Amino acid sequence: MKNWAVLCLWLCCCAPAMAHKASDSYLSLDSAHRQGRWDIALRDLDYALGLDANGDGAITWGELRELGDAVFAYALQRLTVASAGQPCALQPGALQVDSHSDGNYAVLNFALACPDPAGPWSVDYRLFFDLDAQHRGLFSWAGSDQPAVFGPDAHRIDFDRASQTGIWPVLASFAGEGMRHILIGYDHLLFLLSLLLPAGLAWDRTGWRAVGSWRTAAWDAAAVVTAFTLAHSLTLSLTALHVIALPARWVESAIAASVALAALNNIYPLLSRRRAWLAFGFGLIHGMGIASVLLDMGSARGSQLVALLGFNLGVEAGQLAAVAAVLPLVVYAGRFAVYSQSALRWGSAAIAALACVWLAERSLEISLPIF
């Protein structure tokens with residue numbers, strides 16, 4: 001029991017870091033009109049440059065405008081655009097603010113002054129990688145059906161606007177991002193873990209007991225995972241294609257609540273035999289959260305569908321990898337009485353406590369000072 005209490009404390013200490021959305025920016029270039037647009041989250045710029053001068057937790061237009069030159073200098077120093085092997089001068093333009101699915105972004109408009117604008121082109125992107133290795137830059141080229149994702153290990157692309165490279169690079173790139181997104185999506189993983197913790201158990205009047213059959217446990221887990229997959233794939237697609245939309249604050253808060261309820265269901269199993277329905281119902285909400293990285297991609301319809309397919313395949317691959325790692329351990333541990341009597345209860349309590357911290361932070365838009 002002592003070990004599970006330590007786990008609970010550790011999870012709560014890690015809560016603030018785990019509850020934040022991954023850092024993204026959106027870069028688009030238009031070589032025909034010699035211009036570019038770069039949307040960068042205000043929260044990320046504040047972390048790097050300290051935009052919130054008075055420390056009140058709200059970044060005003062006045063505070064952003066006051067540091068506008070510093071913002072342009074910081075960002076454009078971390079972006080290199082070249083045409084025909086010659087670097088283009090990036091000339092700052094208008095500074096604006098736009099609202100994305102996860103908050104407000106600074107919009108940096110700039111001009112491209114290239115010695116030879118005929119191409120071929122290359123783009124080297126290094127924003128925030130020294131501060132956050134999880135940061136990603138979503139890139140689109142005007143008139144092209146070839147979006148891309150920049151990361152620490154893929155910070156440069158070579159691009160010829162006269163050529164079409166096909167769907168496979170886009171599919172592979174976004175599949176990798178989908179896998180990464182789910183594996184760092186602690187709330188999604190903890191929701192799934194909460195549903196899998198009783199996979200080798202059955203509930204009766206005396207409490208949880210081992211089912212004694214790997215096949216029964218596997219079918220139970222398969223039902224839960226399939227229901228979750230169908231649900232979040234549906235709403236991921238509909239949200240990414242702008243068919244449905246809910247405020248990000250509501251979605252993220254509902255995801256935190258789903259983790260808490262799934263964990264509490266292991267302690268007070270009101271839906272012990274309906275966990276697949278629980279997975280499906282809350283999976284609809286999780287899909288909207290997973291879609292956040294694709295919502296503002298802004299690429300052509302055809303490439304958006306390819307990116308969506310690749311991203312969804314990556315999410316499912318990451319999810320299956322997590323299930324394959326956890327399920328055998330859970331089923332094996334379920335054979336021992338200490339698992340159902342202690343580990344399941346205290347592990348679920350730790351997850352529920354962490355989810356409640358997330359729920360408070362996301363619904364109230366605060367950061368709780370936990371240790």
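Strand 3 (residues 79–83) and strand 7 run antiparallel and are joined by 5 bridges. In this predicted model, that pairing introduces a strand whose surroundings can be described residue by residue. Within the pairing, Ser 83 stands opposite Trp 121 of strand 7. Strand 7 also runs antiparallel to strand 10 (residues 156–159), to which 4 bridges join it. There, Val 123 has Ile 157 of strand 10 as its bridge partner.

**Strand 7 and its surroundings**

In strand 7, 5 of the 5 residues are buried, so the strand is largely enclosed by the rest of the structure. Trp 121, Val 123 and Tyr 125 point one way from the strand, while Ser 122 and Asp 124 point the other way, and all are buried. In a regular strand, side chains alternate between the two faces of the sheet.

**Overall composition**

The chain contains 13 helices and 12 strands. Of its 371 residues, 49% are buried. Among contacts between residues at least 6 apart in sequence, 73% join residues that are at least 24 apart.

**The six-stranded sheet**

An open sheet is formed by 6 strands in the order 5-6-2-1-8-9, with mixed pairing. Strand 5 and strand 9 (148–150) stand at its edges, each with a single partner strand, so one side of each is left without a neighbour in the sheet. From one strand to the next, the twist averages 20°.

Within this order, strand 1 (residues 24–30) pairs with strand 8 (residues 136–141) in the parallel sense, over 6 bridges. Ser 28 stands opposite Ser 140 of strand 8. Helix 5 (residues 68–76) lies across strand 2 (35–41), strand 5 and strand 6. The direction of helix 5 is at about 110° to strand 5.

**The disulfide and the cysteines**

The structure holds 1 disulfide. It is formed by Cys 88 and Cys 114, whose sulfur atoms are 2.0 Å apart. The torsion about the S-S bond is about 110°, so this disulfide is right-handed. The pair links distant parts of the chain, 26 residues apart. Cys 88 is in the loop between strand 4 (86–87) and strand 5 (89–100), and Cys 114 is in the loop between strand 6 (103–113) and strand 7 (121–125).

How buried or exposed are Cys 88, Cys 114 and Cys 356? The table gives the relative accessible area of each residue.

| Residue | Relative accessible area | Class |
|---|---|---|
| Cys 88 | 9% | buried |
| Cys 114 | 12% | buried |
| Cys 356 | 44% | partly exposed |

Both partners of the disulfide thus fall under the 20% cut-off for buried residues, with Cys 88 at 9% and Cys 114 at 12%. Cys 356, at 44%, is partly exposed.

**Residues with positive phi**

Most residues other than glycine have a negative phi. Phe 128 is not a glycine, yet has a positive phi of about 65°. Phe 128 is found in the loop between strand 7 and strand 8, and counts as buried at 3% relative accessibility.

His 242 likewise has a positive phi of about 65° although it is not a glycine. This residue lies in the loop between helix 8 (214–240) and helix 9 (248–267). At 53% relative accessibility, His 242 counts as exposed.

**Packing of helix 7 and helix 10**

Two packed helices are described by the angle and the distance between their axes. For helix 7 (residues 186–196) and helix 10 (residues 275–290), the axes come within 11 Å and cross at roughly 175°. Helix 7 is therefore roughly antiparallel to helix 10.

Which residues make the contact between helix 7 and helix 10? Helix 7 contributes Asp 187, His 188, Phe 191 and Leu 195. From helix 10 come Arg 275, Leu 278, Ala 279, Phe 282, His 286 and Ile 290. By character, the residues of this contact divide into 6 nonpolar, 2 polar and 2 charged.

Conventions. Residues are numbered from 1 along each chain as its sequence is written. This is a predicted model: local features need pLDDT of at least 70, side-chain atom pairs count only at pLDDT 80 or more; totals for chains, interfaces and linings use all residues. Side-chain values use heavy atoms; hydrogens and water are left out. A disulfide is a pair of cysteine sulfur atoms within 2.5 Å. Helices (H or I, at least four residues) and strands (E, at least two) are DSSP runs, numbered from the N terminus. Buried means under 20% relative accessible area, exposed over 50%, partly exposed in between (1.4 Å probe, protein chains only). Two strands pair if DSSP finds at least two bridges between them. Axes are lines fitted to C-alpha atoms, for helices over the stretch in contact, and angles run from 0 to 180 degrees between N-to-C directions. Contact means heavy atoms within 4.5 Å. Angles under 35 degrees count as roughly parallel, over 145 as roughly antiparallel, 65 to 115 as roughly perpendicular and the rest as oblique. Ala, Val, Leu, Ile, Met, Phe, Trp, Tyr, Cys and Pro count as nonpolar, Asp, Glu, Lys and Arg as charged, and the others, Gly among them, as polar.
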